[in-house]
Structure formats: C-alpha cells, structure tokens
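Colleague: Got a minute to go through this one with me? I'd like to talk about rings, cysteines and the overall fold.

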Amino acid sequence: MNSETETKRRFSVASSPHIASPDSTPNLMLDVLIALLPAWLVAVYFFGFRVVSLTAVTIAAAVGAEYLYRRLTKQHQTIGDLSAAVTGLLLTMCLPVETPYWIAALGAVFAIVVVKQLFGGLGKNFMNPALAGRVFLFSFPAVMGKYIAPGRTFWAPIFGGGVETVSSATPMSYLHQGLLPEGISLRQLLVGQQAGCLGEVASLMLLFGGAYLVLRKVISPRIPLCYLGTVAVLTFLFPMGGIGRMDWMLYNLFSGGLMLGAIFMATDYVTSPVTPTGRTVYAIGCGALTVFLRYFGTYPEGVSFAILVMNTLVWSLDKAFPPHRFGTPWFQKKEKKEASK
C-alpha cells in the first residue's frame, strides 16, 4: 500500500460506528446457545430423548419460517445470524416435554412470522418472540398445563404412546396455594428434580449459563439482579400461608420459569431499555409484576406475562430515561462554570 492510499484511508470520512468490534450478531447468538446448553442437557437426562426431537422440530420450524418469509417478501436472508435458532431453543425450553410436535412448530412459526418478521425482523420487534410464542400456545391449555415427573424411569416417548408417563404437579402449583411443594427440597429445585417446562427444572444450570453470558459480556448483570432481587424482597416481606420468610423466598426464586426469564428473556437487547436507569426500572417492574401475578393471578406462573407487559413499556422507559448525547455532561459543566462567573 503506497503512502497516498494510506493517507486517504486514514483520513476518510464515513458514517458511524468508527470503532470496529469483533462482536457480531452470530457470535452473540452462539453464546446464548452455549449458555442454554447445560440446562438443556439436564432436561435430556431427566425427560429423555424426546427433548432432542422436540428441540429439533421447534428450531427447524423457526429457521424455516424465517427463511420462507424472507424469501417470499424478497428480502435478504437472515437465518445465518442464528437469532431464529435461539428463538426456537428458548421456545422449546418454555414447553412441557410432551408437547405435540405440530403445536411446538406452530408456536415457533407464530414467534418468527407474527412477532418478529411482521415488525421488520431482528431489532424491530417490541416483544420477546419466544415468550410471545409460548403465551400464544396457551390456546392449548390441556397441552401447556400437562407436566410429567422427571426421572429416567418415566422418560417421555419420542413418538407418543408406549411408556406410560406420570403426570405431576409443579412447585408453582403448590406455591400458588400458599403451600411449599410436597417432597421437593431446595437441592432438588437446583439440580432439576421437579416437574415443569424443560427450562424450568434446573435452576443451577441456568445460573451457570447466566454467569457465562456475563463473563462473555453478552449481557449485563443489572437486569437479572434487579429482577431476582425484587422478587426476593417482595416474597420475603410478604410470605403466604404462614410459611417462614426465608423458605418462601427461596422456593419462589428457584421454582417456575423465573431464572430462565430473568437471565435469558428479560435481557433481550431489542426488548429491554437502552440506559442503565431504564433497565433498572424495567427489571424492578418485571419482578413486581411476577410476584403480583403469582399471588393473585389464576395461572400459577407470572414470568411470561410480566416480561411481555414490561416489553410494551420499553418505549416509554427509553423516553423517560433517554441516553445522554455525546459530550453533554462536558457542555453542561462548561455552561455552569460560565454562569457562575
């Protein structure tokens, strides 16, 4: 490269950003997939190989829906950014293991086409697609409310029929009535020995995944900590059924979809505020709504609804707590200094 070309390159003017970064959407999405892997493997261990087939169907439906929509609308393909695969896996983690394949595929298509692509694609959707897909599937209450007891003795059959699985109440169904889960210790909640959706059973693995994302700087700990902290404070202050405050708080923290929602759903870049103050208010709102819905709602769990409600308020939070324009603090200090003279 000669000196003239190098000079032009150094002094050329272009639109922002001016600082190159090795981070990219595929890299970030790959990190999310890796972070979900421990909890997914625990689900495979406890519920059987149907978890693998259900995951394959849901991810294939999500990726296929995005590919076909972009092709039919003559837009450039975006399946390479892995966001559709992440949506498919997150939706799978929100489903009971015996969910029929066609229902899982329907939820994935709804999440990708209706919630994501119709609003312009990645970066323009105002709700978390996986959570919206899950709530859409509540149209099938008999399916979404059927959980089986974890354990290799009762692995769910891949194609239905065969082995008779054992239905089981989830810890949230007990907590919703002001009771502690019968025969389920905190240790079992942590390692995955509880009935529930695939991503609800292994709180410890979800925490490991969250730590990985924080270390990789994919997410900030602000939203998970404020979300979980709000739930912890409210459940500690207002226990139900005469249960000890500490026990009630811990069972609420490690039951249901709270860990999955706080770590992997509420932290979505697109559907969360851009400023630290906005994120704090958003996370506290998620936590407060979760506790309110768990206490007073007809459905035992409130995480999905709480996050989706706060997703709709992100625009207002960004408006109420806007980011400072570059250089604003310096100019404000200068104006105050000149005004004091």
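**Rings, cysteines and fold**

Modeller: Sure. Keep in mind that this is a predicted model. Let me start with Phe119, which counts as partly exposed because its relative accessibility is 40%.

Colleague: And Phe126, what's its relative accessible area?

Modeller: Phe126 comes out at 38%, so partly exposed.

Colleague: How many aromatic pairs are there in the whole structure?

Modeller: A search of the whole structure turns up 10. Phe119 and Phe126 make one such pair, with ring centres 5.1 Å apart.

Colleague: Why is that pair edge-to-face?

Modeller: Because the planes of Phe119 and Phe126 are at 75°, and over 60 degrees counts as edge-to-face. Tyr299 and Phe305 are edge-to-face as well, with 85° between the planes and 6.1 Å from centre to centre.

Colleague: Are Tyr299 and Phe305 buried, exposed or partly exposed?

Modeller: Tyr299 is partly exposed, since its relative accessibility is 27%. Phe305 is partly exposed too, at 29%.

Colleague: Which residues form an aromatic cluster?

Modeller: Trp248, Phe292, Tyr295 and Phe296 form one.

Colleague: What about charges over rings, which ring does Arg50 lie over?

Modeller: That would be Tyr101, with Arg50 over its face at 4.5 Å from the ring centre. There's also Arg245, whose charged end sits over the ring of Phe236, 5.9 Å from the centre.

Colleague: Switching to cysteines. How many disulfides does the structure hold?

Modeller: The count is 0. Take Cys94: its nearest cysteine sulfur belongs to Cys197 and is 6.6 Å away. A disulfide needs the sulfurs within 2.5 Å, so Cys94 is in no disulfide.

Colleague: Is Cys94 buried or exposed?

Modeller: Buried, because its relative accessibility is 4% and the cut-off for buried is under 20%. Cys226, at a relative accessible area of 21%, is partly exposed.

Colleague: OK, zooming out. How many helices and strands does the protein chain have?

Modeller: It has 17 helices and 0 strands.

Colleague: And what percentage of the residues count as buried?

Modeller: 47% of the 341 residues in the protein chain.

Colleague: What share of the contacts comes from residues 24 or more positions apart?

Modeller: Counting contacts with a separation of 6 or more, such residues account for 73% in the protein chain.

Colleague: Last one: how much area does the protein chain expose?

Modeller: About 17300 Å², and carbon and sulfur atoms supply 67% of that.

Methods:
Residues are numbered from 1 along each chain as its sequence is written. This is a predicted model: local features need pLDDT of at least 70, side-chain atom pairs count only at pLDDT 80 or more; totals for chains, interfaces and linings use all residues. Side-chain values use heavy atoms; hydrogens and water are left out. Rings of Phe, Tyr and Trp (its six-membered ring) pair if their centres lie within 6.5 Å; planes under 30 degrees apart count as stacked, over 60 as edge-to-face and the rest as tilted. Buried means under 20% relative accessible area, exposed over 50%, partly exposed in between (1.4 Å probe, protein chains only). A charge sits over a ring if NZ of Lys or CZ of Arg is within 6 Å of the ring centre and within 35 degrees of the ring normal. Helices (H or I, at least four residues) and strands (E, at least two) are DSSP runs, numbered from the N terminus. Contact means heavy atoms within 4.5 Å. Accessible areas come from the Shrake-Rupley method with a 1.4 Å probe; for residues, only the protein chains shown count as cover.
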